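Dear colleague,

Please find the structure below, handed over for your use. My findings follow after it.

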Amino acid sequence: MTVAFFSGSRRRAAVALGAVSAGLLVLSACDKPTPLATLTVGTDSVHSEAACYNNGDAIKESQIQQCLNKKAEKTITVSADDKIRFGVDPEIADHGWTIFLGGQQAEPEPYKKTYRTIPASAFFSQSPTGEATDKTQVTIVENTGKKLTGIWHFQLKKDS
C-alpha cells in the first residue's frame, strides 16, 4: 500500500518552489548587463553595451586610456545634414555623460538628460592636412565630473 506524503496542492507548491529556486540560481550565475547607449539617425539605430564598465564605480586610472582607445564595434552611416540622436539609460544620465571624439573630451560639463540631438556636421571636420574625414569615432563617457564610470563607442561613417 502506497501512502502519499503530500497532497496534490502541496506537491504542486513544492515543485513550483523548486523551479523558482533553480531559476534564481541560474540567474545569479549570469553577469548583469551594462546600461545601453543608443545612436539614432533617421530610422536607423545602433545600441551598445559598455566597452568598459565597473557597475557604477570608477574605472581604474590604469584602464581609462586603454578603454578610450578601443575601437567601436557599432557603426552608423550619416549624411552631413542628418541629426544624430544620442540616448542613454537613466542610470547613465543620473551620473552625467559627455561625448568624446577620437579619445578626447569634446565638451566641458557632463550632460544629465537621457536624450539629446546634435547635427552630424559637428562630427566631421577637416584633418590638419586639409583632408576631409569620412569616419569618426564617437565615445559616450559616463562620469560624475571627477571619475569615469562607463565608456561606450560608436563609429560614424559619412554617407558618400
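I begin with a single side chain: a polar atom of the Gln137 side chain lies 2.7 Å from the backbone oxygen of Lys70. Please bear in mind throughout that this is a predicted model.

**Gln137 and its surroundings**

Gln137 belongs to strand S9, which covers residues 135-143. Its relative accessibility is 15%, and Gln137 therefore counts as buried, the cut-off being under 20%. Besides the approach to Lys70, the side chain of Gln137 makes a polar contact of 3.0 Å with the side chain of His153. When residues up to four places away in sequence are set aside, Gln137 touches Leu68, Lys70, Lys71, Ala72, Phe100, Leu101, Gly102, His153, Phe154 and Gln155.

**Strand S10 and its partners**

His153, Phe154 and Gln155 are among the residues that Gln137 touches, and strand S10 spans residues 148-158. Nine of the 11 residues of S10 are buried, which leaves the strand mostly covered. Its pairings are as follows.

- S9 and S10 run antiparallel and are joined by nine bridges. Within this pairing, Glu142 stands opposite Gly150 of S10.
- Strand S3 (residues 52-53) also pairs with S10 in the antiparallel sense, over two bridges. Here Tyr53 has Gly150 as its bridge partner in S10.
- Strand S4 (residues 75-78) runs parallel to S10, and four bridges join the two. Thr75 has Gln155 as its bridge partner in S10.

Gly150 thus appears both opposite Glu142 and as the bridge partner of Tyr53. S9 and S10 also form a hairpin with four residues between them. In the turn of that hairpin, Gly145 has a positive phi of about 95°.

**The chain as a whole**

How many helices and strands does the chain contain? The secondary structure comes to three helices and 10 strands. Along the sequence, these elements follow the pattern α-β-β-β-α-β-β-α-β-β-β-β-β. The chain has 160 residues, of which 33% count as buried. Considering contacts between residues at least 6 apart in sequence, 65% join residues at least 24 apart. The chain exposes about 10,400 Å², with carbon and sulfur atoms supplying 52% of that area.

**The nonpolar cores**

In soluble globular proteins, nonpolar side chains tend to be buried together. In this model, the largest nonpolar core has 23 residues. Those with the most contacts inside this core are Leu39, Ile84, Phe86, Phe123, Ile140 and Leu156. The elements giving two or more residues to the core are strand S1 (37-41), S4, S5, helix H3 (90-95), strand S6 (97-101), S9 and S10. Apart from this core lies another, of nine residues, which include Ile59, Ile64, Leu68 and Val141.

Two members of the 23-residue core may be described further. The first to consider is Phe86, which is found in strand S5 (residues 83-88). Phe86 has a relative accessible area of 0% and is therefore buried. Its C-alpha atom is separated by 5.3 Å from that of Arg116, although the two residues are 30 apart along the chain. Leaving aside neighbours within four places in sequence, Phe86 is in contact with Thr38, Leu39, Trp97, Ile99, Thr114, Tyr115, Arg116, Ile118, Phe123, Val138 and Ile140.

The other is Leu156. With residues up to four places away in sequence not counted, Leu156 touches Leu39, Ile76, Val78, Ile84, Phe123, Phe124, Asp134, Lys135, Thr136 and Val138. Leu39 and Phe123 are thus found in the contact lists of both Phe86 and Leu156.

**The disulfide**

A disulfide is a covalent bond between the sulfur atoms of two cysteines. The structure holds one disulfide. It is formed by Cys52 and Cys67, whose sulfur atoms are 1.9 Å apart. The pair links distant parts of the chain, with Cys52 in strand S3 and Cys67 in helix H2 (residues 61-68), 15 residues apart. Which hand does the disulfide have? The torsion about the S-S bond of Cys52 and Cys67 is about -95°, so the disulfide is left-handed. Both ends count as buried: Cys52 has a relative accessible area of 8%, and Cys67 has a relative accessibility of 5%.

Yours sincerely

Terms used: Residues are numbered from 1 along each chain as its sequence is written. This is a predicted model: local features need pLDDT of at least 70, side-chain atom pairs count only at pLDDT 80 or more; totals for chains, interfaces and linings use all residues. Side-chain values use heavy atoms; hydrogens and water are left out. Buried means under 20% relative accessible area, exposed over 50%, partly exposed in between (1.4 Å probe, protein chains only). A polar contact is a pair of N or O atoms within 3.5 Å; within protein, one must be able to donate a hydrogen and the other to accept it, and residues adjacent in sequence count only if both atoms are side-chain atoms. Contact means heavy atoms within 4.5 Å. Two strands pair if DSSP finds at least two bridges between them. Accessible areas come from the Shrake-Rupley method with a 1.4 Å probe; for residues, only the protein chains shown count as cover. A disulfide is a pair of cysteine sulfur atoms within 2.5 Å. A nonpolar core is a set of buried Ala, Val, Leu, Ile, Met, Phe, Trp, Tyr and Cys residues joined through side-chain atoms within 4.5 Å.
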